[in-house]
Amino acid sequence: MLAYVSLPLVGISLGDVSGIGPEVTAGALARPAVRRALIPVVFGDGPTLERFPLFRRYARVELAALGRVESPTVVEVTRLNEAERVPGKPSRVGGRAQFAFITRAIEAMREGHVDALCTAPVSKEQISRAGIPFMGHTEVLAEAFGADVLMMMDGPRVRIALATNHVPLSSLSTLLTVERLVAQLKLLSRSLEPVVGHKPRIAVLGLNPHAGEGGLLGREEVEVIGPAIRRARAAKVDAHGPIPADGLFARPDDIAGRYDAVLAMYHDQGLIPAKALDFERTVNVTLGLPVPRTSPDHGTAYAIAGKGEASCVPMVEALLKAAQLAAVGSRGARPGPRRPSPRR
């Protein structure tokens, strides 16, 4: 028997029932390292969860009756029929369901029933096709808590935060402002300082090739990014740049010795190196929320859903990070430090 006393309660939204979310969640929660680290509270579809023997052993509660549970628990949000939950064949009903899992988990966060949230992968397309405007978990959580948040990829070799998330490249020059970047640099510094034990040293990337070449290849570095860095430094943020992205990531093993985090200007500028460096162990962390949120850094993977081919390691890492942040947060600091992956 496991002793669950004092373990953090980690809410888990199941993601797209037609993707790999259910199977990687089940696989991860079966790992001894995960079972020792947290008490899971899974928000999902009843019949989908019943396919897995692990979840049939969990306690079941209604959302209205949910409190601070003491053992692994399932909150049944939907009961989809078989045609609406076929692995590899997404549906509009499934799109509505995966959004419902998120919103019910957020309700539990608001009520203090969970100490952290780990979100399995969803499909923005399927949620949107169901008639629900949806750009991503980060945006939904920011709106739900009225918080300014920052998406950060937390990997073994580098932490990369994003100045912008799920937006078209054509909108970047409008979205990137001095005020926005200063606020993000302050949030990133404030979030990491208790962990690294000093003012974190932050590398700020340029937007344009070669960080604009002094304005020859674009004015954003001269007119926005550079001034934001100077203003942030005046506010005691240890920010450096603008730095060309290709130069910084050309020697990834040197980054950790020079910087505690990187602020990228747009989604692919940050996620390409994060995934290339260590896809399975990089965790998506949302900074700025009152309760920690993590997720694995991959999508629904419909092509392999239900075939037993999906690795649960990214979900393991995301769950362990959620538990770690919940524990650190209870001591007044987050996010957690880098750690070697335990043997599992």
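Colleague: Let me start with one pair: which residue in β11 is the bridge partner of leucine 150?

Modeller: Leucine 287 is the bridge partner of leucine 150. Please keep in mind that this is a predicted model. As for the general idea, strands of a sheet pair through backbone hydrogen bonds, either parallel or antiparallel. Here, strand β6 (residues 150–154) is joined to strand β11 (residues 283–287) by five bridges, and the two run antiparallel.

Colleague: How many bridges pair β6 with β7, and in which sense?

Modeller: Four bridges link β6 to strand β7 (residues 159–162), again in the antiparallel sense. In that pairing, aspartate 154 has arginine 159 as its bridge partner. The two strands make a hairpin, with four residues between them.

Colleague: Is β6 buried or exposed?

Modeller: Five of the five residues of β6 are buried, so the strand is largely enclosed by the rest of the structure. Both of its faces are covered, with Leu150, Met152 and Asp154 on one side and Met151 and Met153 on the other.

Colleague: Let's stay in this region. Where does threonine 286 lie, and what is it in contact with beyond its neighbours within four places in sequence?

Modeller: Threonine 286 lies in strand β11. Its relative accessibility is 4%, so it counts as buried, the cut-off being under 20%. Setting aside neighbours within four places in sequence, threonine 286 is in contact with Thr138, Val149, Leu150 and Arg293. The C-alpha atoms of threonine 286 and methionine 152 are separated by 6.2 Å, although these residues stand 134 residues apart along the chain.

Colleague: Now the whole sheet. In what order do its strands come?

Modeller: The sheet is open and has 12 strands, in the order β3-β4-β2-β1-β5-β12-β11-β6-β7-β10-β8-β9, with mixed pairing. Its edge strands are β3 (59–61) and β9 (238–243), each of which pairs on one side only. On average, neighbouring strands are turned by 25° against each other, direction ignored.

Colleague: How does the edge strand β3 join β4?

Modeller: β3 and strand β4 (residues 73–78) run parallel and are joined by three bridges. One place to look is arginine 60, whose bridge partner in β4 is valine 74.

Colleague: And which strands does β1 pair with?

Modeller: β1 pairs in the parallel sense with strand β2 (residues 39–45) over five bridges, and in the parallel sense with strand β5 (residues 116–119) over four. Isoleucine 12 has valine 42 in β2 as its bridge partner, while serine 13 stands opposite threonine 119 in β5. Five of the five residues of β1 (residues 9–13) are buried, so this strand is largely enclosed by the rest of the structure. Leu9, Gly11 and Ser13 point one way, and Val10 and Ile12 the other.

Colleague: On to helices. How should I read a helix pair?

Modeller: Two packed helices are described by the angle between their axes and the distance between the axes. For helix α5 (residues 92–110) and helix α7 (residues 137–145), the axes come within 11 Å and cross at roughly 40°. That makes α5 oblique to α7. The crossing is right-handed.

Colleague: Which residues of α5 and α7 meet?

Modeller: Phe99, Ile102, Ile106, Met109 and Arg110 in α5 meet His137, Val140, Leu141, Ala144 and Phe145 in α7. The residues of this contact divide into eight nonpolar, one polar and one charged.

Colleague: Last one: how many of the residues of helix α1 are buried?

Modeller: Eight of the nine residues in α1 (residues 21–29) are buried, so the helix is largely enclosed by the rest of the structure. Among them are Gly21, Pro22, Glu23 and Leu29.

Methods: Residues numbered from 1 in each chain as written. Predicted model: local features only at pLDDT ≥ 70, side-chain atom pairs only at ≥ 80, totals over all residues. Heavy atoms only, no water. Buried < 20%, exposed > 50% of the residue type's maximum accessible area, 1.4 Å probe, protein only. Axes fitted to C-alpha atoms, helices over the stretch in contact; angles between N-to-C directions. Parallel < 35°, antiparallel > 145°, perpendicular 65-115°, else oblique. Left-handed = near helix turned anticlockwise from the far one by under 90°. Contact = heavy atoms within 4.5 Å. Nonpolar A, V, L, I, M, F, W, Y, C, P; charged D, E, K, R; others polar. Pairing = 2+ DSSP bridges.
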